Amino acid sequence: MLRALAALLVLLALPASARAPKLTLFISVDALGSDLLLRNRPRLTGGLGQLLNTGAYYPYARYAYAEARTAPGHATLATGANPWRHGIVDNDIYDRATGQSVQPYMDPTHQLLDGVTVPTSDTSPENLMAETLADRLHVSTQGRGKVVALSFKARSAIPLAGRRGQAWWFDEATGKMVTSTWYTKAVPAWMQAFNARKLADASFGKTWELLRPRAEYVGEDDHTAEPPDPYRMGRTFPHAMNGGLEEPGPASYRVFGVSPHSHELLVQAAKAALEGEGLGKDNVPDMLAVSFSGTDAAFHTFGPYSWEMQDTLLRLDQALGELITAAERAAGGRANLVIALSADHGGADIPEAWAQAGMPAVRLNPVEMAKGLAQELRAKFGIDVAVKLMELDVYLGGKALESGQVDGVAVRRAAAAWLSKQPFAVMAVAKDDLDSAPDSGGLVAPLRRGYYPMRSGDVLFVSKPFQVVSDYPRGTNHGTPYSYDVQVPVVFAGRGVKPGLYLQEIDPVDVAPTLSALLEMGMPASAEGKPRAEALTGR
């Protein structure tokens, strides 16, 4: 009798159900920094606002590597690892063999399935050196679980889909969602039908109007630091959507991508994927990943305090409500659904706007910085050194250096010493010294976590706060280890999640392990994070 009672108590202590959720909805919002979200949260009453109110909300997640960019951010969210493990260090890397800047998922052996392939563009996950959440789901379900990832950017969709899912992204040349031959040899019927709707073309000739009355927007619509006429859409509302064309084409598709109309296209594509692939229809867990890129396009063009940024968040709030409702319907209710939301990075204000507000802000032109460094190295060593500066990475090359005519280590250390003395820099370090350099300021460790041999620069540097590295004369950028760039929200909701506001600082490497726990499967192989146990109910 006592033995039977003890067995019953053990059973009662177990989770109410060991069944994983039928569907996981993984949402990434490009350039949604914590500060941006917190400033706008009171006005968010749709899907995003409800997710914050009913989920486990961490306002202060912080990437632990230095270069906060889209490609490494999405790879980190997907793998639970930092760039030193997954190998995706930036949106572009310098190919020393060709002297070209190439995208990190470039794969010459795989072309776009239904479009014109740019030789240096992203087409496959071959260069992603770590297992993803999608890959782990595929293995754990013995190939039965389905994964579909959607974004306007290939560098966002590819890591979320991993090697075994489907990745679809928007092609600005054709106005369609495309993929590469890595993922499939033929466009499925559901995507053919979706592309036939020509949603980007349908926006041609329309305008981007404010969602709310003008009095509800903070600041001025026409800020002096904004670009004069970006994408030929005008500085102020309403914005033209034709890109200066008489019929739809690449210029109008670029404008479409900047506007919040892009959110609606992704939601409609997600609905098509849910229906076409039957996601969430059986007890084998599936995943739908959607990365909203329009927020990043508005951020770069108009800045994080602009009316355009405020409006795109309000419209994203609406779009997420529609997306979550569709996912709940597909899964048969919230009890069968898990939702995760985060971002790949935050972003700086337009430096000229910061300067007007009294901040020590400067726009740094990487081309001019590279010229100054090349002159210094020529004066010191008597040779011509090719210098390419890409965000925090400095690539050095040239015949004299590559042939061994001079000591490469000495050249790299001289470059780091010169950069460290510049008024825009906090510090710089040659790759040779990255493991041994003292870290009194706490910046070497983030550089280490973001360093991957053969892809990262020969010298790494960190600019001072409010110094924005950009070769564009207008707009703004991101890519530093400062809070405005690396601090992002993380939200979990749905089955097995304990709602609440969690103010402890976490790392986005925890996202994939937490979802693994909710899916009751192992973590991605190279994951460095851990499940956020405080937000899990065990059911």
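# A tour by selection

Start with two helices: Met-369, Gly-372, Leu-373, Glu-376, Leu-377, Lys-380 and Phe-381 in α15 meet Ala-410, Val-411, Ala-414, Ala-415, Trp-418 and Leu-419 in α17. By class, the residues of this contact are ten nonpolar, one polar and two charged. Keep in mind throughout that this is a predicted model.

**Stop 1: α15 and α17**

Select residues 366-381 for α15 and residues 408-420 for α17. Their axes come within 10 Å and cross at roughly 125°. That angle makes α15 oblique to α17, because it falls in neither the roughly perpendicular range of 65 to 115 degrees nor the roughly antiparallel range over 145. Now look along the pair for handedness. The crossing of α15 past α17 is right-handed.

**Stop 2: His-263 and the pair α11 and α13**

Move to His-263, which sits in helix α11, residues 261-277. Is His-263 buried or exposed? Its relative accessibility is 1%, so His-263 counts as buried. Show side chains here. The side chain of His-263 makes a polar contact of 3.0 Å with the side chain of Thr-312. Then expand the selection around His-263. Beyond neighbours within four places in sequence, its contacts are Phe-292, Gly-294, Thr-295, Thr-312, Arg-315, Leu-316 and Ala-319.

Next, add helix α13, residues 307-331. The axes of α11 and α13 come within 9 Å and cross at roughly 5°. Angles under 35 degrees count as roughly parallel, so α11 is roughly parallel to α13. Which residues make the contact? From α11, select His-263, Glu-264, Val-267, Gln-268, Ala-270, Lys-271 and Leu-274. From α13, select Thr-312, Arg-315, Leu-316, Ala-319, Glu-322, Leu-323, Ala-326, Ala-327 and Ala-330. Colour them by class: nine are nonpolar, three polar and four charged.

**Stop 3: Trp-208**

Stay with α13 on screen and add Trp-208, in strand β8. The side chains of Trp-208 and Asp-311 are joined by a polar contact of 2.8 Å. Trp-208 has a relative accessible area of 1%, so this residue is buried. Now measure from Trp-208 to Thr-236. The two are 28 residues apart in sequence, and their C-alpha atoms are 10.0 Å apart in space.

**Stop 4: the Phe-237 to Pro-238 bond**

Step along the chain to Phe-237 and Pro-238. What kind of peptide bond joins Phe-237 and Pro-238? The bond is cis, with omega about -5°. Pro-238 belongs to the loop between β8 (207-208) and β9 (239-240).

**Stop 5: Phe-170**

Select strand β6, residues 166-171, and pick out Phe-170 in it. With 5% relative accessibility, Phe-170 is under the 20% cut-off and therefore counts as buried. What surrounds Phe-170 once its neighbours within four places in sequence are left aside? Its contacts are Ser-151, Phe-152, Gly-175, Lys-176, Met-177, Ala-200, Tyr-253, Phe-256 and Leu-265. Draw a distance to Leu-266 as well. The C-alpha atoms of Phe-170 and Leu-266 are 9.2 Å apart, although 96 residues separate the two in sequence.

**Stop 6: α20**

Now take helix α20, residues 511-518. The helix is mostly covered, with seven of its eight residues buried. The buried ones are Val-511, Ala-512, Pro-513, Thr-514, Leu-515, Ser-516 and Leu-518. Which elements do they pack against? Select β1 (23-29), α4 (70-79), α6 (133-140), β11 (337-342) and β18 (487-494) to see the partners. Before leaving, step just past the end of α20 to Glu-520, where phi is positive at about 55°.

**Stop 7: two more positive phi values**

From α6, move into the loop that runs between α6 and β5 (147-151), and select Gln-142. Phi of Gln-142 is near 55°, a positive value in a residue other than glycine. Is Gln-142 buried or exposed? At 70% relative accessibility, Gln-142 is over the 50% cut-off and so counts as exposed.

Finish at Phe-466, in the loop between β16 (459-463) and β17 (467-469). Phi is positive here too, near 75°, and Phe-466 is a residue other than glycine.

Key:
Residues numbered from 1 in each chain as written. Predicted model: local features only at pLDDT ≥ 70, side-chain atom pairs only at ≥ 80, totals over all residues. Heavy atoms only, no water. Axes fitted to C-alpha atoms, helices over the stretch in contact; angles between N-to-C directions. Helix = DSSP H or I, 4+ residues; strand = E, 2+ residues; numbered from the N terminus. Left-handed = near helix turned anticlockwise from the far one by under 90°. Contact = heavy atoms within 4.5 Å. Nonpolar A, V, L, I, M, F, W, Y, C, P; charged D, E, K, R; others polar. Buried < 20%, exposed > 50% of the residue type's maximum accessible area, 1.4 Å probe, protein only. Polar contact = N/O pair within 3.5 Å; in protein donor to acceptor, adjacent residues only side chain to side chain.
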